[in-house]
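This report goes through one structure part by part. Keep the sequence and the 3D view open while reading.

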Amino acid sequence: MPEKSFHIITFGCQMNVHDSQWLARALTARGFAEAPLEEARVVVVNTCSVREKPEQKVMSALGRIRQVTHGDPGVLVAVTGCVAQQVGAAFFERESQVRLVAGSDGVSGAPEAIERLLAEPDLRLSLLDFTSRYVEREAGVDGPCGPVAYVNIMQGCDNFCSYCIVPFTRGRQKSRSTPAILAECRTRLEHGAREITLLGQNVNAFGRDKNGDGVSFASLLARVAALPGLERLRFVTPHPKDMGPEDVAAFAELAQLCPRLHLPLQAGSDAVLARMRRRYDRRGFLNLVAALRAARPDLALSTDLIVGFPGESEEDFQATLEMMEACDFMSSFSFCYSDRPGARAALFPDKIPPDVQRERLLRLQSLQEKLSQRWLDARVGRETCLLIEGRSRRGGPDGKPSWQGRDPYGAPAHVALPPDADHTGRMVPVRVTEAKKHSLMALRTGELW
């Protein structure tokens with residue numbers, strides 16, 4: 001395998017996936033070739049701090065790399081992302097193959113650093129400083145992309161929720177320039193994308209920091225929606241406290257904006273929300289949900305929920321279950337609370353015992369399964385349109401080839417299509433015929449386009 005070959009291992013959120021995809025394009029533009037782990041001369045571990053035991057998972061991955069590569073000192077290992085930002089240069093002492101540590105802002109300099117490290121075998125580099133402005137990244141290879149593209153609009157967060165370390169690992173909020181965002185969106189559309197998701201830790205605070213160029217998030221949505229070739233538009237993740245009337249109205253005004261919103265609740269108790277420093281309460285959240293559904297009656301909501309936050313009583317937990325039903329969430333990401341070093345909540349007393357956390361999580365997830373199945377069942381018989389993302393592992397009726405796509409609500413659906421072509425990236429009108437546990441079955445009702 002050539003010296004300039006790479007393999008990327010990615011943990012965590014969609015923003016990390018986006019960072020890894022950009023890094024792959026940037027390295028490819030510099031003459032690198034993607035390779036299997038056992039053959040690559042450069043291995044990048046892009047890390048996440050949100051889930052439980054993040055350092056342990058990264059060290060496990062580094063151990064696997066050492067095993068697969070037999071500890072070859074000629075294999076350059078880079079650790080990037082949030083755990084890299086936290087642990088920093090200490091990775092050099094923990095694993096001899098690690099020669100680059102790049103934090104959240106330092107990732108933009110990783111391609112150049114990797115080339116320098118290959119040229120200077122005795123060198124180690126750490127890129128851990130936060131920048132005061134959003135640093136535009138090199139373009140990378142502009143080849144064909146999939147039907148769904150992700151475009152970053154900002155970096156960092158200013159909220160400092162008590163359980164969260166994002167402001168410490170990704171820095172303070174820095175909005176990207178509107179022209180740069182629109183230029184990237186146009187490029188992705190020109191290379192095959194039909195759906196764009198705008199990414200940020202707190203997207204509806206876009207433009208409110210010192211780097212803003214006078215364009216609000218609602219205005220940005222309208223500008224992206226007007227781009228030729230765009231069929232669908234989504235965004236993640238909003239913060240309920242920052243979602244204003246213009247953001248809500250966009251769901252009624254922009255045909256391209258999908259009727260699906262991920263709106264993190266985190267907890268249903270006002271007392272817990274206050275300790276979390278979420279800066280909204282039950283009433284405010286419910287009023288926001290009502291306004292959103294008034295703007296778009298068919299809007300489907302998903303959410304994030306933390307179970308067993310310090311001091312959470314059974315009454316507090318019941319309030320979360322009540323909010324889940326009141327908001328009728330179609331799905332949720334739910335986790336037991338765990339301390340994150342540096343976050344304020346790590347110092348809170350009254351930690352909930354793990355067995356109580358797990359029991360509450362099971363009850364919450366049982367309720368969510370019922371709500372999710374009810375939402376899926378209600379889709380049966382409905383006419384909709386799928387954006388095909390690729391072949392399905394499910395077989396279609398009568399053994400026909402099956403393809404998987406997503407409807408405007410983001411629900412995965414399987415449909416039988418003619419076998420003589422690649423339908424990836426095409427839109428197909430369908431009628432939903434059956435609801436499975438986590439997906440839908442559909443029948444084509446018209447021509448693909």
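## Cavities

The largest cavity in this predicted model has a volume of about 90 Å³. Its lining is made up of S104, D105, S108, T131, R133, Y134, V135, R137, Q155 and K174. Over the whole structure, a search finds two cavities of 30 Å³ or more.

Rolling a probe the size of a water molecule over the atoms shows where empty space is left.

## The second largest pocket

A volume of about 270 Å³ belongs to the second largest pocket. It is lined by 17 residues, and R137, E138, A139, R176 and E184 are the closest to its centre. Two or more lining residues come from each of the elements α1 (14–29) and α7 (178–190). The most come from α7, which gives five residues.

R137 appears in two linings: that of the largest cavity and that of the second largest pocket.

## The two sides of helix α9

Helix α9 spans residues 245–253, and D247, V248, A250 and F251 are buried in it. These four residues lie on the same side of α9, because they cover an arc of only 145° around the axis. An α-helix has 3.6 residues a turn, so residues three or four places apart point the same way.

The other side of α9 holds P245, E246, A252 and E253, which are exposed. What covers the buried residues of α9? The cover includes two helices, α8 (217–225) and α11 (282–295), and two strands, β11 (232–236) and β12 (260–262).

## The barrel and helix α13

Five strands form a closed barrel in the order β15-β16-β17-β19-β18, and their pairing is mixed. From one strand to the next, the twist averages 55°. Strands β15 (residues 383–391) and β18 (residues 427–435) run antiparallel and are joined by five bridges. Within this part of the barrel, E383 has R431 of β18 as its bridge partner.

Helix α13 (residues 354–379) lies across three strands, β15, β18 and β19 (440–444). Its direction is at about 120° to that of β18.

## R360 in helix α13

R360 is found in helix α13. Is R360 buried or exposed? Its relative accessibility is 7%, and buried means under 20%, so R360 counts as buried.

Which residues is R360 in contact with, leaving aside its neighbours within four places in sequence? They are V307, E312, S313, E314, F317 and I352.

Methods:
Residues are numbered from 1 along each chain as its sequence is written. This is a predicted model: local features need pLDDT of at least 70, side-chain atom pairs count only at pLDDT 80 or more; totals for chains, interfaces and linings use all residues. Side-chain values use heavy atoms; hydrogens and water are left out. Buried means under 20% relative accessible area, exposed over 50%, partly exposed in between (1.4 Å probe, protein chains only). The arc is that of the directions from the helix axis to the C-beta atoms. Contact means heavy atoms within 4.5 Å. Two strands pair if DSSP finds at least two bridges between them. Axes are lines fitted to C-alpha atoms, for helices over the stretch in contact, and angles run from 0 to 180 degrees between N-to-C directions. On a 1 Å grid over the protein atoms alone, a cavity is a set of points where a 1.4 Å probe fits but cannot get out, and a pocket is an open set with protein on both sides within 12 Å along at least five of seven lines; lining residues have an atom within 4 Å of a point. Grid points are joined across faces, edges and corners, and a volume is the space filled by probe spheres set on the points.
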